[in-house]
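Reader: Could you walk me through a few spots in this structure? I would like short answers with the reasoning shown.

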Amino acid sequence: LINALHAPTEDGFAFRVDYDLRPEGQAGPLANAVDALARYYERFGQTWERAALLRLRAIEGAGDASLASTIERRLRPFVFPRTLDARAVDELFAMKHRVTASADAGDAFDVKRGHGGIREVEFVVQANQLLNGGRLPDLRRGNVLELLARLEEHGLVPHRTSAELAHGYELLRRIEHALQYGEDRQTQRLPSSGAEHDRVARAVMHAMLSSTRSRTHQQARSFGDELADARDKVHAAFTRLLGEDREQPSDDARRALDRTLDDEARVRRLRALGFDVGARALSLVRVLERRRGSPFAPDVARAAEAADAGAHLLDHVAKSPDPMTALARLPDLFRERVPRSTVARVAHDRRTLTLATKLLATSAPLSRMLAKHHGLDDVLARPPTTTRLRRADVRA
């Protein structure tokens with residue numbers, strides 16, 4: 001059966017089958033009983049196997065539908081546990097590092113496994129699925145672009161990061177398809193120059209210029225610039241969300257809040273974060289520095305329990321749908337003193353930060369409501385749920 005599926009003939013092949021991914025690898029049976037399958041994953045299952053099983057799907061109309069649903073139901077607690085140790089993210093990051101190291105040999109770019117490639121976008125999505133799929137069922141299914149949108153909706157990935165990963169993923173997939181259509185084989189390596197590189201570049205840029213969404217953005221950019229920029233942003237997001245420093249604020253945010261630097265240096269850092277009007281952004285930061293109890297105030301910033309809180313908050317404001325608007329509304333949240341313990345908790349609650357800064361960026365009335373009712377504590381104490389409300393409750 002395996003040979004019939006993946007042995008090449010004059011007509012090509014049907015499916016590529018990797019039968020070493022089964023429980024116990026080459027030593028295990030090709031087909032398992034359901035109980036044996038469940039026992040294996042309960043006792044010996046590893047993080048990479050959870051990631052692989054995220055793609056588990058029943059083939060419609062094939063065999064016993066109840067058997068397929070039984071397998072999915074039995075394996076769901078393993079794939080989507082209610083809680084998952086954050087060390088699982090470290091394992092995914094280390095696994096991706098090993099993959100990238102083996103792919104980066106030579107001067108060709110491996111579109112799938114290389115630095116800033118498709119796998120880095122997928123790893124960000126998969127890590128968030130594994131960490132949050134146990135309590136958020138709508139993260140268990142969907143393609144990468146759908147899941148990125150859902151991660152943003154749930155406040156797990158900031159707006160700018162979601163947009164950059166989605167754009168990078170679409171570009172990288174176009175390149176992969178152009179490579180494979182041209183050579184009619186499973187390849188992901190893009191030469192750094194030559195006829196094949198130029199053919200792929202022409203095909204990809206033609207497709208992107210034909211897209212209504214991206215025509216204006218793309219006209220002034222070459223294929224090389226577009227690819228380099230996308231790879232840099234994908235890799236930066238991957239490292240920021242899954243890397244060793246994922247709990248740390250960015251260097252740009254820290255330096256933008258460093259009062260020992262001159263104004264020009266601070267403005268430069270604010271622009272690098274995404275605040276288009278750097279001088280205006282610095283004046284708003286200074287307003288926040290004068291608000292007693294804000295994480296930007298010198299006395300709070302020096303407190304151990306709130307260290308880096310201002311930089312974390314500035315990072316999330318910068319990644320919101322409208323950074324300048326969100327920053328302009330931020331001082332209203334600190335008109336009255338906010339407890340340091342709240343500031344410290346906010347700094348390490350990525351979901352709350354993302355949701356709150358998205359609200360500041362997109363809704364003036366709700367921003368005023370958040371400020372008026374001291375909403376930071378409310379948001380932390382009663383995080384938003386996906387429960388549907390009645391129309392009357394929404395109005396109230």
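Author: Happy to, and please keep in mind that this is a predicted model. A good place to begin is Ala178, which, leaving aside its neighbours within four places in sequence, is in contact with Arg199, Val200, Ala203 and Val204.

Reader: Thanks! Which helix does Ala178 lie in?

Author: The helix in question spans residues 159-183, and Ala178 falls inside that range. That makes it helix α8.

Reader: How far apart in space are Ala178 and Val204, C-alpha to C-alpha?

Author: In sequence, 26 residues separate Ala178 and Val204. The two are nevertheless in contact. Their C-alpha to C-alpha distance is 7.1 Å.

Reader: Is Ala178 buried or exposed?

Author: The relative accessible area of Ala178 is 9%. A residue counts as buried when that value is under 20%, so Ala178, at 9%, is buried.

Reader: Let's move to Glu152. Is Glu152 buried or exposed?

Author: Glu152 has its place in helix α7, residues 144-153. Its relative accessible area is 13%. Because the cut-off for buried is under 20%, Glu152 is buried.

Reader: Which residues does Glu152 touch, not counting residues up to four places away in sequence?

Author: With those sequence neighbours set aside, four names remain for Glu152. They are Val157, His159, Ser162 and Lys358.

Reader: And for the protein as a whole, how much is made up of buried residues?

Author: The protein has 22 helices and two strands, and its chain counts 396 residues. Of those residues, the buried part is 43%.

Note on methods: Residues are numbered from 1 along each chain as its sequence is written. This is a predicted model: local features need pLDDT of at least 70, side-chain atom pairs count only at pLDDT 80 or more; totals for chains, interfaces and linings use all residues. Side-chain values use heavy atoms; hydrogens and water are left out. Helices (H or I, at least four residues) and strands (E, at least two) are DSSP runs, numbered from the N terminus. Buried means under 20% relative accessible area, exposed over 50%, partly exposed in between (1.4 Å probe, protein chains only). Contact means heavy atoms within 4.5 Å.
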